[in-house]
Amino acid sequence: MFQFVLAALLQLSLGLLVEAAPVSAQGTNWQGPTGGGVVGFIVLILDIVAWVEIVKSNRPPLNKVIWALVVFLFPLVGMLIYYLFSNRAAHNDSGYEAIPS
């Protein structure tokens, strides 16, 4: 069940990424920012790292889903909240080391 929810979140994030890509209409020149650029890509990578860390933690499944939704719905702020307030050291398995904050 949890893997299904995680797969759905990842597919939704990729779908939103495609929708956020700039599209130009024929005959008009599109001008302006390009939908995130390097900073947006860095935030996406850090969000994926947070999701992997959430999935590998030994939290109860409901807490994993809640943290994954917080990081998914609020990419920058949710990631910062997770890294600052989630008590990651107490919830990591012995199989991997948490990213130091």
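# Close-up views of a predicted helical model

**Figure 1. Two helices contribute to the nonpolar surface patch.** At least two residues of the nonpolar patch come from each of α3 and α4 (75-85). The coordinates shown are those of a predicted model. The patch covers about 900 Å² and consists of L69, L73, F74, L76, V77, L80, I81, L84 and F85. With 6 residues, α4 is the element that gives the most to the patch. F74, also one of the patch residues, sits in the loop between α3 and α4.

**Figure 2. The 66-85 segment and its record annotation.** The unreviewed UniProt entry lists residues 35-54 and 66-85 under "transmembrane region". In the model, residues 66-85 are 95% helix and 0% strand. The C-alpha atoms at the two ends of this segment are 14 Å apart. The loop between α3 and α4 holds F74.

**Figure 3. V70 in helix α3.** V70 belongs to helix α3, which spans residues 61-73. The relative accessibility of V70 is 23%, so this residue counts as partly exposed rather than buried, the limit for buried being under 20%. Y82 lies 12 residues from V70 along the chain, and the C-alpha atoms of the two residues are separated by 8.1 Å.

**Figure 4. D47 in helix α2.** Helix α2 runs over residues 37-56 and includes D47. D47 has a relative accessible area of 5% and is therefore buried, as this value is under 20%. When neighbours within four places in sequence are left aside, the contacts of D47 are V71, P75 and M79. Of the two ranges that UniProt lists as "transmembrane region" in the unreviewed entry, 35-54 and 66-85, the former takes in D47 and the latter takes in V71, P75 and M79.

**Figure 5. The whole chain, for orientation.** The chain has 5 helices and 0 strands, and the order of elements from the N terminus is α-α-α-α-α. Of its 101 residues, 24% are buried. Among contacts with a separation of 6 or more, 58% are between residues 24 or more positions apart. The contacts of D47 with V71, P75 and M79 can be viewed in this setting. The accessible surface of the chain is about 7200 Å², and carbon and sulfur atoms account for 69% of that surface.

Definitions and conventions:
Residues numbered from 1 in each chain as written. Predicted model: local features only at pLDDT ≥ 70, side-chain atom pairs only at ≥ 80, totals over all residues. Heavy atoms only, no water. Helix = DSSP H or I, 4+ residues; strand = E, 2+ residues; numbered from the N terminus. Buried < 20%, exposed > 50% of the residue type's maximum accessible area, 1.4 Å probe, protein only. UniProt positions renumbered as here; feature names shortened; annotations may be inferred. Contact = heavy atoms within 4.5 Å. Patch = residues over 30% accessible without salt bridge, like charges linked within 9 Å, V, L, I, M, F, W, Y side chains within 5 Å. Areas by Shrake-Rupley, 256 points an atom, 1.4 Å probe, with all protein chains shown as cover. Salt bridge = Lys/Arg side-chain N within 4 Å of Asp/Glu carboxyl O.
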